[in-house]
Amino acid sequence: MAAKGAHITPNIEVKPSLFEVLAADSLNITFYPAIKRVVDFLATAKPAVFGGLVRYYDEFYLVFNGLVQGYYIQQYGGSLAEVFYGLTRQSLCSKTFSRKDRNWSFVVLVLVPYAVRKLEKACARWKEDYENAKHVPAHRKQLFRLLPYLQACYEGAKLIHYVSYLANVTKTHSPSLRVLELGLTYLAEEEESWSFKDILQGKVRVATMISAALLRWLELSAFFLQFIEWWQTEANIGDLSKLPIPDAPDQDSNANKYANVCPICLQKHIIPTAVSVSG
């Protein structure tokens, strides 16, 4: 029995769970608004220094996101959010990650979101001009009217892919990955252990240490960015019990005339009853 079982290859599951890929997508979406709140705070504290970042935040984030995502795609074969959760990209056919796959992944992760945000802001501006009775060309009116339907179709396609991925019907969970013919798998762990002795002996380069430290800081800052997003959401919701209680209105001339009188039948109260007041 042992001789027959010696050559059996174990079946290793390389397909990430739906929760892992959803967590990576959620983290990737969190970066833009979370960093924007940091920039807004800096601009409030030092408007002369950081005011330009607010005006050109989309371009600033394009450069920042391009540098970060480009490095992670080149070194680890996936976005920062995917690598953070131990995932990497590979071709569904060749099981590799070629130069062409890297280039198209960079376009989808960096350039496409920038173009979509610019389009959404332009459509919002055109819609506002149209509602204010300003002249808007016909093709722009059609575009901002069509945009919500396109977004709904895309969200519906994402939901279908999630369900199909969960049911093992498809190997990819995202429409963008399906177009690129890419899938996600687990990233091979590469442990790097340093000691002070290795550093003193010159076995570890200073540039390597600085690069690794910056990358670890960037990955750990993802938790901080998610906390900022959660904190801002909670702050926007607020607590209604903490709102100030307004003063009672002054009595008018009819207050004494209709005291203890029902406002409907204009008869004296028989059984005084308190009713709930809305607003």
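Leu150 lies in helix α7, which spans residues 138–166. In this predicted model, Leu150 joins Leu146 and Tyr149 in making a nonpolar surface patch of about 330 Å². The relative accessible area of Leu150 is 45%, so this residue counts as partly exposed.

Charged contacts come next. Side chains of opposite charge can pair when their charged atoms come close. Six salt bridges are found in the structure. One of them brings together the side chains of Lys118 and Asp58, with a nitrogen-to-oxygen distance of 3.7 Å. Because Lys118 belongs to helix α6 (residues 99–131) and Asp58 to helix α4 (residues 57–76), this pair ties together parts that lie 60 residues apart in sequence. The two partners differ in their surroundings: Asp58 is buried, at a relative accessible area of 5%, whereas Lys118 is partly exposed, at 33%.

Asp58 also has a salt bridge to Lys121, and here the closest N and O atoms are 2.6 Å apart. Once again distant parts of the chain are linked, with Asp58 in helix α4 and Lys121 in helix α6, 63 residues apart. Lys121 is partly exposed, since its relative accessibility is 41%. Lys118, for its part, forms a salt bridge with Glu59, where 3.1 Å separates the closest N and O atoms. This contact likewise runs between helix α6, which holds Lys118, and helix α4, which holds Glu59, across 59 residues of sequence. Glu59 has a relative accessibility of 28% and is therefore partly exposed. Through shared partners, the salt bridges join Asp58, Glu59, Lys118 and Lys121 into one network.

Aromatic contacts offer another view of helix α4. The count of aromatic pairs comes to ten. In one of these, the rings of Tyr57 and Phe60 are tilted, with 6.2 Å from centre to centre and 45 degrees between their planes. Tyr57 and Phe60 are three residues apart in helix α4, so about one helical turn separates them. Tyr57 is buried, with a relative accessible area of 3%, while Phe60 is partly exposed at 30% relative accessibility. A second geometry appears at Phe84 and Tyr85: their ring centres are 5.2 Å apart and their planes stand at 85 degrees, which means that the pair is edge-to-face. Both residues of that pair keep some contact with the surface, as Phe84 is partly exposed with a relative accessible area of 22% and Tyr85 is partly exposed at 28%.

Tyr57 and Phe60 also take part in a wider grouping, since one aromatic cluster is formed by Tyr32, Tyr57, Phe60, Tyr61 and Phe64. Tyr57 has a charged neighbour too: the charged end of Lys36 sits over its ring, 6.0 Å from the centre. Elsewhere, Lys15 lies over the face of Tyr165, at 4.2 Å from the ring centre.

The nonpolar interior completes the picture. The largest nonpolar core has 14 residues, and those touching the most other members are Leu18, Val21, Leu87, Leu182 and Leu184. At least two residues of this core come from each of α2 (18–45), α6, α7, α8 (175–180) and β2 (182–186). Among these elements, α2 gives the most, with three residues. Another core, of twelve residues, lies apart from the largest one and includes Leu27, Phe31, Leu80 and Val83.

Methods: Residues are numbered from 1 along each chain as its sequence is written. This is a predicted model: local features need pLDDT of at least 70, side-chain atom pairs count only at pLDDT 80 or more; totals for chains, interfaces and linings use all residues. Side-chain values use heavy atoms; hydrogens and water are left out. Patches are made of residues with over 30% relative accessible area and no salt bridge: like charges are joined within 9 Å, nonpolar side chains (Val, Leu, Ile, Met, Phe, Trp, Tyr) within 5 Å. Accessible areas come from the Shrake-Rupley method with a 1.4 Å probe; for residues, only the protein chains shown count as cover. A salt bridge is a side-chain nitrogen of Lys or Arg within 4 Å of a carboxyl oxygen of Asp or Glu. Helices (H or I, at least four residues) and strands (E, at least two) are DSSP runs, numbered from the N terminus. Buried means under 20% relative accessible area, exposed over 50%, partly exposed in between (1.4 Å probe, protein chains only). Rings of Phe, Tyr and Trp (its six-membered ring) pair if their centres lie within 6.5 Å; planes under 30 degrees apart count as stacked, over 60 as edge-to-face and the rest as tilted. A charge sits over a ring if NZ of Lys or CZ of Arg is within 6 Å of the ring centre and within 35 degrees of the ring normal. A nonpolar core is a set of buried Ala, Val, Leu, Ile, Met, Phe, Trp, Tyr and Cys residues joined through side-chain atoms within 4.5 Å.
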